[in-house]
Every structure is written in C-alpha cells, then in structure tokens.
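Trainee: I'm new to this one and would like a close look at a single part of it. Could you walk me through it slowly?

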Amino acid sequence: MTGRRLRNACVVAGAAAALTIATATGAWANWSKSPFSLVQGTTSQQWVDEEYNEFHFTGCDQAGTSNSVDVALWQQIDWGSDVKHDTSTLTNCFKGPGYTSTATESNLPYDSYYLEVTKLGSGCGACTGAADKVSVDTTLAD
C-alpha cells in the first residue's frame, strides 16, 4: 500500500471510529422506554454512569399476582461476571396510571449498568405485566 493510500485508509478508519463514538453516546446516559415489559428476567438497555442512578417506573399493571415488582441494578463487567448492586421492591406504580415508584443507588463506580426484573409479586414466574414508562436519570441535581 502506498503512503497516500495508507493515509486515506487511516482517515476513513478514524472518521468511522469518531462517528461510532458520537452516535453511541446518546444511549449512554439518561433514557426512557414506553411501555416496559414486567416479565421475570427482562433487562433494560444499558447506560454508562458513575456515582448516582435513579430509576422510575410509572403506571404499572400486573396480572395474576400481588402488585409489586423487584428490580435489580446490575453493573455490566466486560471480562467477568456482572455485579448485582441492589434490589428494590416497587409498589407505588401499581396504584394507577399516573403513579410512579422511584429507587436510587449512589456511590457507584464508573461503568455500564442495566436493570433486571427479578421477581413479580410473591414470586410468580409465569406472571406478566407492564409499566407505562420506565426511565433512568443519572443527574443528582434535579
């Protein structure tokens, strides 16, 4: 490969890498999803943060069990086992469409995180439900 072709290839590769980083960063912060499935084992999209995570479940509905959902916050580990940080039992969002359950976790290391629905009600594995909206806010000052 001549010097000119090599330079051109490097410019194209660098531009592609910059475009990938620029388009991926939007998914690495606050996010929301409407609706969100409340089925045991369901996981959310991942986000990158440190220090503080706040997640909100709004307008939850569930068939076949008591009105609660356990949600675990997981730290995604690239070369190893993911680390579970906390499990929250959410109930307020089941009071009606406008009601929200909120849980927070702080003092976290900088990394990728995701949520997992770990239990519905008292442990009904076949039960299903949905939240009108689930969101993650990584901003402490709001």
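Which residues form one aromatic cluster here? And once we have that, please take me from there into strand 4 and what surrounds it.

Mentor: Happy to. Keep in mind as we go that this is a predicted model. The residues you're after are Trp-31, Trp-47 and Tyr-113, which form one aromatic cluster.

Before zooming in, a quick word on the whole chain. It has one helix and nine strands, and reading along the sequence you get the pattern α-β-β-β-β-β-β-β-β-β. Of its 142 residues, 37% are buried. Look at contacts between residues at least 6 apart in sequence, and 75% of them join residues at least 24 apart.

Now back to the aromatics. By the ring-centre rule, the count comes to five aromatic pairs. Take Phe-36 and Phe-57: their ring centres sit 5.9 Å apart with the planes at 80°, and since anything over 60 degrees counts as edge-to-face, that's what this pair is. Phe-36 belongs to strand 2 (residues 36-37) and Phe-57 to strand 4, so here we have a link between distant parts of the chain, 21 residues apart. Phe-36 and Phe-57 are both buried. Another pair takes us back into your cluster: Trp-47 and Tyr-113 are 6.5 Å apart centre to centre, and with 35° between the planes the arrangement is tilted. This pair also links distant parts of the chain, with Trp-47 in strand 3 (residues 47-49) and Tyr-113 in strand 8, 66 residues apart. Trp-47 and Tyr-113 are buried as well.

Phe-57 brings us to strand 4. Ten of the twelve residues in strand 4 are buried, so the rest of the structure largely encloses it. Who are its partners? Strand 4 pairs with strand 7 in the antiparallel sense, over seven bridges. Within that pairing, Phe-57 has Ser-101 of strand 7 as its bridge partner. Strand 4 also pairs with strand 9, again antiparallel, this time over nine bridges. There you can find Gln-62 standing opposite Gly-129 of strand 9. As a general point, side chains in a regular strand alternate between the two faces of the sheet.

Strand 4 also holds one end of a disulfide. By the sulfur-distance rule the count comes to one, and it joins Cys-60 and Cys-93, with the sulfur atoms 2.1 Å apart. The angle about the S-S bond is -95°, and the link is left-handed. Cys-60 is in strand 4, while Cys-93 sits in the loop between strand 6 (83-90) and strand 7 (100-106), so the bond ties together parts that are 33 residues apart in sequence. Is each end buried or exposed? Buried means under 20% relative accessible area; Cys-60 comes in at 6%, so it counts as buried, and Cys-93, at 0%, does too.

Next, the nonpolar core, where Phe-57 turns up again. In general, nonpolar side chains in soluble globular proteins tend to be buried together. The largest nonpolar core in this model has 23 residues, and those with the most contacts inside it are Leu-38, Phe-57, Val-69 and Leu-115. Strand 4 (52-63), strand 5 (69-76), strand 8 (111-120) and strand 9 (128-137) are the elements that give two or more residues to this core. Strand 8 contributes the most, with four residues.

Leu-115 is a nice one to click on. Setting aside neighbours within four places in sequence, its contacts include Phe-55 and Phe-57, along with Val-71, Leu-73, Val-134 and Val-136. Trp-47, from your aromatic cluster, is another of the residues Leu-115 is in contact with.

One last stop, this time with charged side chains. The count of salt bridges comes to one: the side chains of Lys-119 and Asp-70 meet at 3.9 Å, N to O. Lys-119 lies in strand 8 and Asp-70 in strand 5, so this pair ties together parts that are 49 residues apart in sequence. Their surroundings are worth a look too: Lys-119 is partly exposed, with a relative accessible area of 32%, whereas Asp-70 is buried at 10%.

Note on methods
Residues are numbered from 1 along each chain as its sequence is written. This is a predicted model: local features need pLDDT of at least 70, side-chain atom pairs count only at pLDDT 80 or more; totals for chains, interfaces and linings use all residues. Side-chain values use heavy atoms; hydrogens and water are left out. A nonpolar core is a set of buried Ala, Val, Leu, Ile, Met, Phe, Trp, Tyr and Cys residues joined through side-chain atoms within 4.5 Å. Buried means under 20% relative accessible area, exposed over 50%, partly exposed in between (1.4 Å probe, protein chains only). Contact means heavy atoms within 4.5 Å. A disulfide is a pair of cysteine sulfur atoms within 2.5 Å. Two strands pair if DSSP finds at least two bridges between them. Rings of Phe, Tyr and Trp (its six-membered ring) pair if their centres lie within 6.5 Å; planes under 30 degrees apart count as stacked, over 60 as edge-to-face and the rest as tilted. A salt bridge is a side-chain nitrogen of Lys or Arg within 4 Å of a carboxyl oxygen of Asp or Glu.
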